[in-house]
Amino acid sequence: MIYIHVPFCHRKCTYCAFYSVRSSEFRVRSYVDALLREMEERKGEQAHPIRTVYFGGGTPSILPIDQLGRIVEGLHRCFDLSQVEEMTLEANPEDLNIDYLKGLRTLGFNRLSIGVQSLDDRVLRMLNRRHTAQQALDAVANAHAAGFENISVDFIYGLPDFSPFTFHLSPLVTHVSAYALTVEPGTALAVQVGQGRVVLPDDEEVVRQYHALHQQLEAAGFQQYEVSNYARPGFESKHNSRYWDRTPYLGLGPGAHSFDGRKRRWNNPDGTFGEETLNEADAYNELLMTSLRIVRGLPLAAIPEGQKERLHRLIQPYIACGWLTLSDYLSPTAEGLLHADGMAAALFAGS
Ligand code: SF4
């Protein structure tokens with residue numbers, strides 16, 4: 001699988017700590033030139049069949065169709081895309097007019113991940129998003145009209161003034177990613193919270209919102225398959241599911257990460273890169289961390305022999321308190337998913 005990182009944003013959302021820069025025609029062209037060079041240099045690294053391609057960011061929908069076309073052409077030149085099943089573009093609602101969407105379909109995109117975040121205009125303004133609730137609704141309708149049948153929307157909960165969550169009722173939406181708002185150091189939100197200008201709900205209220213959201217999504221026909229992800233049957237994200245299975249992937253662009261099954265590499269915005277080779281304990285800990293966030297859980301067959309006895313001993317309290325169940329998989333319960341990261345850390349092997 002291939003990940004393309006697009007580092008541009010129209011402006012900074014208050015909660016965002018990701019690397020991004022403002023776009024200009026010159027910057028976009030230079031970025032695409034550099035990306036095409038990187039593809040040529042690294043095309044030998046992707047030995048596995050490519051089944052998914054994902055454009056993430058940043059805001060990939062900032063890229064005009066002709067520049068996206070250059071990237072897609074480069075991908076076809078450097079890689080065998082004949083087995084690609086899912087090609088996703090992350091997009092912001094305000095970019096999704098019907099001509100642009102038709103252009104995306106022509107380039108081969110068959111899935112959109114739209115950053116809706118909220119359907120409350122006051123909340124959208126507070127987060128410094130550029131779109132309105134109506135633009136988000138229009139974006140979904142336009143996407144469907146342009147031929148997209150696989151439409152994901154991102155939502156944020158844990159916000160002040162949490163209003164009833166109604167978007168999932170649209171039959172056009174096939175997938176929902178719902179993230180709890182976190183206050184990252186160095187963001188505008190951290191300053192606003194520090195000065196008392198924004199007051200966020202306490203942990204208990206955030207958990208209440210999570211449960212309310214969960215119930216509404218299930219009632220609308222969505223199934224949770226990961227702590228933050230819900231899908232209508234058959235519409236789980238193939239790309240993300242492969243990350244969680246630890247399938248190797250090639251990440252291109254500034255800030256992109258790659259994984260070849262043993263080694264992780266990360267590109268730095270200045271054109272340099274870093275890498276680390278995972279030892280057995282690191283690989284096992286990563287497996288725990290991702291598997292306990294998935295509803296299916298950790299396949300027992302994937303646990304290294306040397307870890308089995310220790311893990312069996314350590315999980316007993318979590319089974320007793322109803323956070324984990326054990327069959328052919330070690331699976332988190334609905335309550336356990338809320339504690340997935342803490343549980344995984346407690347089960348980690350020492351390096
Ligand atoms: S659009 Fe996405 S990447 Fe860009 S600033 Fe907002 S949250 Fe961050």
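These legends go with a set of close-up views of a predicted model.

**View 1. Two domains and the patch where they touch.**
The domain assignment splits the protein into domain 1 (2-243) and domain 2 (279-351). Taken over C-alpha atoms, their centres sit 29 Å apart. The contact uses 6 residues from domain 1 and 6 residues from domain 2. Which elements carry the domain 1 side? H7 and strand E7 (223-226) each put in at least two residues, and E7 has the largest share, with 3 residues. Sorted by class, that side of domain 1 comes out as 4 nonpolar, 1 polar and 1 charged residues.

**View 2. Helix H7, end to end.**
Here's a quick sanity check on helix geometry. H7 has 17 residues, so at 1.5 Å a residue it should span 24 Å, and its end C-alpha atoms are indeed 24 Å apart. Just after the helix comes Gly221, with a positive phi near 100°. Zoom in on His211, which belongs to H7 (residues 203-219). Is His211 buried or exposed? It counts as exposed, because its C-beta has just 12 C-beta neighbours inside 10 Å and the cut-off for exposed is 12 or fewer. For a sense of scale, Lys238 is 27 residues from His211 in sequence, and their C-alpha atoms are 25 Å apart in space.

**View 3. The largest nonpolar core, and another one apart from it.**
The largest nonpolar core holds 54 residues, and Ile2, Ile114, Ala143, Ile151 and Val176 touch the most other members. Strand E5 (residues 151-157) is the top contributor to this core, giving 5 residues. Pick Ala143 and ignore its neighbours within four places in sequence: what is left in contact with Ala143 is Leu96, Leu101, Leu112, Phe148 and Ile151. Another core, of 15 residues, lies apart from the largest one, and its members include Tyr318, Leu337, Ala340 and Ala344. As background, nonpolar side chains in soluble globular proteins tend to be buried together.

**View 4. The shell around the ligand.**
Which residues surround the ligand? Cys9, Lys12, Cys13, Cys16, Phe18, Ser20, Gly57, Gly58, Thr59, Asn92 and Gly115 do. By class, this shell divides into 4 nonpolar, 6 polar and 1 charged. Two of the glycines deserve a second look: Gly57 and Gly58 are joined by a cis peptide bond, with omega about 15°. Gly58 itself is in the loop between strand E2 (52-57) and helix H2 (65-78).

**View 5. Two positive phi values away from glycine.**
Some backbone context helps here: most residues other than glycine have a negative phi, and most peptide bonds are trans. Gln117 goes the other way, with a positive phi near 70°, and it is found in strand E4 (residues 111-117). Gln117 counts as buried because it has 24 C-beta neighbours inside 10 Å, and 20 or more is what buried takes. Asn128 is not a glycine either, yet its phi is positive at about 65°. Where is Asn128 placed? It is in the loop between helix H4 (121-126) and helix H5 (133-145). With 14 other C-beta atoms within 10 Å, Asn128 is partly exposed.

Notes
Residues numbered from 1 in each chain as written. Predicted model: local features only at pLDDT ≥ 70, side-chain atom pairs only at ≥ 80, totals over all residues. Helix = DSSP H or I, 4+ residues; strand = E, 2+ residues; numbered from the N terminus. Domains from an automatic or database assignment. Contact = placed C-beta atoms within 7 Å. Nonpolar A, V, L, I, M, F, W, Y, C, P; charged D, E, K, R; others polar. Core = buried A, V, L, I, M, F, W, Y, C linked by C-beta atoms within 7 Å. Near = placed C-beta within 6 Å. Expected span 1.5 Å × (residues − 1).
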